[in-house]
Amino acid sequence: MPTRPARLEQRRAYRFAAPAALLMLLFTLGPVALVALISLTDWQLGARSLAFVGAANYAELWGDRVFWKSLRNTFVYVAMYVPVALVLALVLALAVEAAGRLRGFYRTVFFLPVTTTFVAMAVVWEFMLHPDFGLVNVLLAQLGVAKENWLADPDTVLVALAAIGIWLRLGFYMVLFIAGLRSIPRELYEAAEIDGASGAWRRFRLVTWPMLGPTTLFVAVIALIQSFQVFETVAVLTRGGPNKSSEVLLYTMYTEGFAFLRTGYASALTVVFMLIVFAITLAKTRFLDARVHYR
């Protein structure tokens with residue numbers, strides 16, 4: 001049974017937390033609940049009336065080939081984005097930390113794309129991937145590789161978009177890994193060397209990688225969520241083309257809600273999207289958390 005001072009302290013804590021909790025309810029959980037309610041109606045953006053249709057929007061979603069196509073494209077994009085971004089970010093972090101006095105310069109260079117806007121960089125990449133005079137094709141031609149129309153070929157468009165997305169956020173993930181590397185006690189490396197782990201690979205496998213577990217989990221979850229949120233590059237570069245080959249869930253929501261003004265159907269898409277992201281993030285967190293070493 002809590003004492004009277006403990007109860008008073010608890011009530012004081014609740015009063016301090018109440019404004020933040022209220023704001024979270026209003027601006028986070030409130031819009032989610034509103035979207036869920038709208039998904040059960042036939043409301044169109046700008047309409048003065050609406051009708052309750054129950055699960056009709058979800059039934060239409062189930063039979064919508066565009067939805068399944070965009071869902072598949074989203075999963076393919078995520079499957080390319082997350083592992084490549086994690087590996088490259090870790091390699092960059094290790095390389096930058098080993099760069100000596102130039103590490104500050106390299107950190108700045110690799111972090112610069114994170115500070116830019118996605119729309120502006122998407123326009124830059126549109127020119128770089130141009131099939132005739134784009135820098136990427138020019139460099140590949142020097143290596144004897146045939147030119148590609150990266151953004152107009154169904155087989156390469158998602159690869160190109162994933163590469164652009166990774167380039168834009170790689171510096172952010174690198175900085176997170178650098179923070180994780182710097183938090184590893186130097187004594188562990190000294191102890192490993194005494195025990196015979198003298199090579200760089202053995203030190204990485206026995207000390208660095210296990211101790212980076214919490215950082216890797218955090219970066220993996222952030223990368224997963226951000227990869228599901230791909231929108232700007234698709235909207236600027238491909239608009240879902242060619243032939244829906246780059247249509248992703250967020251772009252489908254946008255077109256349904258703001259191009260076709262089918263707000264109820266777009267809300268149903270949003271609910272499904274949120275449930276998918278939440279379920280995958282929760283499963284991934286629990287799966288990785290069981291294998292993470294927290295020091």
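What is the mean pLDDT of the protein, and what percentage of its residues reach 70 or more? I began my notes with this point, as the model is a predicted one. I found a mean pLDDT of 89 for the protein, with 97% of its residues at 70 or more. I then looked up how confidence varies along the chain. Helix α3, residues 65-97, has the highest confidence, at a mean of 95. The lowest is in helix α8, residues 186-194, where the mean is 82.

**Entry on the largest pocket**

I turned next to the largest pocket, and I noted a volume of about 380 Å³. Its lining consists of 17 residues, and those closest to the centre of the pocket are Leu-250, Met-253, Phe-258, Ala-266 and Thr-270. I recorded α1 (4-38), α12 and α13 (263-289) as the elements that each give two or more residues to this lining. Which of the elements gives the largest share? I found that α13 does, with six residues. I also sorted the lining of the largest pocket by class: 12 residues are nonpolar, five are polar and none is charged.

**Entry on Thr-270**

I chose Thr-270 from the residues closest to the pocket centre. This residue lies in helix α13. Is Thr-270 buried or partly exposed? Its relative accessibility is 21%, and buried means under 20%, so Thr-270 counts as partly exposed. Beyond its neighbours within four places in sequence, I found Thr-270 in contact with Val-35 and Met-253. I also looked up its separation from Phe-204: the two are 66 residues apart in sequence, and their C-alpha atoms are 42 Å apart in space.

**Entry on Thr-255**

I located a second threonine, Thr-255, in helix α12, which covers residues 249-259. Thr-255 counts as buried because its relative accessibility is 12%, and the limit for buried is under 20%. When residues up to four places away in sequence are not counted, Thr-255 touches Glu-247 and Phe-260.

**Entry on the nonpolar core**

My last search concerned the largest nonpolar core, which has 62 residues. Which residues have the most contacts inside this core? I noted Tyr-81 and Phe-177. Helix α7, residues 157-182, supplies the largest share of the core, 15 residues. I then listed the contacts of Tyr-81, leaving aside its neighbours within four places in sequence. Among them are Ala-162, Gly-165, Ile-166, Arg-169 and Tyr-173. Tyr-81 is also in contact with Ala-223, Gln-226 and Ser-227.

Notes:
Residues numbered from 1 in each chain as written. Predicted model: local features only at pLDDT ≥ 70, side-chain atom pairs only at ≥ 80, totals over all residues. Heavy atoms only, no water. pLDDT = per-residue confidence, 0-100. Helix = DSSP H or I, 4+ residues; strand = E, 2+ residues; numbered from the N terminus. Buried < 20%, exposed > 50% of the residue type's maximum accessible area, 1.4 Å probe, protein only. Contact = heavy atoms within 4.5 Å. 1 Å grid on protein atoms, 1.4 Å probe; cavity = no way out; pocket = protein on both sides within 12 Å on 5 of 7 lines; lining within 4 Å. Points joined across faces, edges and corners; volume = space filled by probe spheres on them. Nonpolar A, V, L, I, M, F, W, Y, C, P; charged D, E, K, R; others polar. Core = buried A, V, L, I, M, F, W, Y, C linked by side-chain atoms within 4.5 Å.
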